[in-house]
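Q: Please take a close look at one residue in this structure, and set it within the chain as a whole. I would like to know where it sits, how open it is to its surroundings and what it touches.

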Amino acid sequence: QLHLVESGGGLVQPGGSLRLSCAASGERLDYTAIGWFRQAPGKEREGVSCINTITGSPTYADSVKGRFTVSRDIAKNTVYLQMNSLKPEDTAVYYCAARYSSRTSRPTLNRYDYGYWGQGTQVTVSS
């Protein structure tokens with residue numbers, strides 16, 4: 001059973017940076033896609049980014065394109081989300097999620113396509 005744990009959240013000033021980690025256990029990430037999602041109070045959970053762990057191919061929501069970078073370290077069974085130029089509207093609980101994938105699977109930021117979820121980590125952007 002795949003188990004995911006996020007870490008790296010915290011309080012940061014506008015314009016600052018954070019790196020989130022999504023560590024997997026129970027199974028290898030080699031044949032998965034990992035998505036990053038966030039949920040702000042009173043809002044729907046939205047997809048931020050995803051990565052095909054086989055190809056390393058990333059996908060980004062328009063709201064974070066150019067500011068966030070997703071990457072994976074297969075040896076560490078971990079996926080990262082580097083967040084730069086953070087804005088107050090980035091404040092949310094951030095979740096990583098996994099779905100089984102292949103080299104040719106289409107990327108998706110639809111939360112309903114993911115079956116395994118971490119517990120979330122809080123990111124607060126405020127001065």
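A: This is a predicted model, and it helps to begin with the whole protein chain, which has zero helices and 11 strands, so that reading along the sequence gives the pattern β-β-β-β-β-β-β-β-β-β-β. With 127 residues, a compact globule would have a radius of gyration near 14 Å, and the protein chain agrees with this because its own value is 13 Å. Along its principal axes, the C-alpha trace spans about 40 × 25 × 25 Å, and buried residues make up 43% of the 127 residues. Among contacts between residues at least 6 apart in sequence, 60% join residues at least 24 apart. The accessible surface of the protein chain comes to about 6400 Å², and 48% of that belongs to carbon and sulfur atoms.

The residue to examine is Ser-126, which lies in the segment after strand S11, the strand that covers 121-125. Is Ser-126 buried, exposed or partly exposed? Its relative accessibility is 37%, and therefore Ser-126 counts as partly exposed, since that class lies between the 20% limit for buried and the 50% limit for exposed.

Leaving aside residues up to four places away in sequence, Ser-126 touches Leu-11, Val-12, Gln-13 and Pro-14. A further reference point is Leu-86, which is 40 residues from Ser-126 along the chain, while the C-alpha atoms of Ser-126 and Leu-86 are separated by 9.4 Å.

Technical notes. Residues numbered from 1 in each chain as written. Predicted model: local features only at pLDDT ≥ 70, side-chain atom pairs only at ≥ 80, totals over all residues. Heavy atoms only, no water. Helix = DSSP H or I, 4+ residues; strand = E, 2+ residues; numbered from the N terminus. Rg over C-alpha atoms; globule rule 2.2 N^0.38 Å. Buried < 20%, exposed > 50% of the residue type's maximum accessible area, 1.4 Å probe, protein only. Contact = heavy atoms within 4.5 Å. Areas by Shrake-Rupley, 256 points an atom, 1.4 Å probe, with all protein chains shown as cover.
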